[in-house]
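Here are my notes from a quick pass through this one. Have it open in your viewer while you read.

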Amino acid sequence: MTLERPIAPDPYELLPTLPSFTLTSDDVQNGEPMDARHAHGSTGGENVSPQLTWSDFPAETKSFAVTCYDPDAPTGSGFWHWVLVNVPVSVTQLPTGAGGAAGADLGGAFSVRNDYGEQGYGGAAPPAGDRPHRYVFAVHAVDVERLDLTPDASPAYVGFNLTFHTLARAVIRPTYQIKE
């Protein structure tokens with residue numbers, strides 16, 4: 001079986017254009033391979049979310065959402081690795097491993113189920129031998145303090161809500177590959 005297929009578009013290139021702001025990380029870099037500790041345990045990784053820091057977002061921001069999406073997953077619909085919503089505007093960084101704490105110390109923020117069926121961060125796990133996958137970590141500056149969602153919401157439903165409430169978006173796109 002071959003996984004030969006076209007390169008999927010970046011998901012945010014398909015949505016209305018938004019302003020950006022600054023997103024940095026001590027753990028992952030744009031276009032660079034992620035460390036195995038950010039990979040899923042099923043691949044020998046540690047399933048640890050990367051550190052993220054953001055600044056220069058719009059003054060009217062009232063909360064944030066943090067997402068991680070793999071558009072290169074061979075599913076036809078990509079793969080959601082993390083969807084954290086209702087992060088208070090006072091929180092402008094997440095330490096390494098914050099995705100495992102699904103809202104702890106984050107003022108009521110919570111993660112919806114990722115495509116592993118778990119709440120919190122689920123690390124990279126591309127098929128062995130497949131090309132490098134892009135992991136799109138995005139911080140969304142949101143115009144309401146709380147999105148009207150529950151932890152049972154699907155990532156697609158969160159994305160639909162974010163389309164109507166995001167003022168600006170900052171993105172880092174590291175990669176990950178498992179060689180055969």
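**Notes on the fold**

1. Start with the small sheet: β1 and β2 run antiparallel and are joined by 3 bridges. Strands here are DSSP E runs of at least two residues and helices are H or I runs of at least four, numbered from the N terminus; two strands count as paired if DSSP finds at least two bridges between them. Within this pair, Thr-22 has Ser-55 in β2 as its bridge partner.

2. Before going on, a word on provenance: this is a predicted model, where local features need pLDDT of at least 70 and side-chain atom pairs count only at pLDDT 80 or more, while totals for chains, interfaces and linings use all residues. Residues are numbered from 1 along each chain as its sequence is written, and side-chain values use heavy atoms, with hydrogens and water left out.

3. The small sheet is open and has 3 strands in the order β1-β2-β5, paired antiparallel. β1 and β5 (93-94) each have a single partner strand, so one side of each lacks a neighbour in the sheet.

4. The other sheet to look at is also open, with 5 strands ordered β6-β4-β3-β8-β9 and antiparallel pairing. Its edges are β6 (110-111) and β9 (166-172), each pairing on one side only. Inside it, β3 (residues 63-70) and β8 (residues 136-142) pair antiparallel over 7 bridges, and Thr-67 sits opposite Ala-138 in β8.

5. Helix α1 (residues 155-165) packs on that sheet, touching β3, β4 (79-88), β8 and β9; contact means heavy atoms within 4.5 Å. The direction of α1 makes about 120 degrees with that of β9, using lines fitted to C-alpha atoms (for helices, over the stretch in contact) and angles from 0 to 180 degrees between N-to-C directions.

6. Which residues touch the most other members of the largest nonpolar core? Of its 29 residues, they are Trp-54, Val-66, Trp-82, Leu-84, Leu-94 and Phe-137. A core is a set of buried Ala, Val, Leu, Ile, Met, Phe, Trp, Tyr and Cys residues joined through side-chain atoms within 4.5 Å, buried being under 20% relative accessible area, exposed over 50% and partly exposed in between (1.4 Å probe, protein chains only). β2 (52-55), β3, β4, β8 and β9 each supply at least two residues of this core.

7. A second, separate core has 16 residues, including Trp-80, Val-112, Ala-138 and Val-142.

8. Finally, Glu-4 lies in the segment before β1 (22-24) and is exposed, at 69% relative accessible area. Its C-alpha is 8.5 Å from that of Asp-130, 126 residues apart along the chain.
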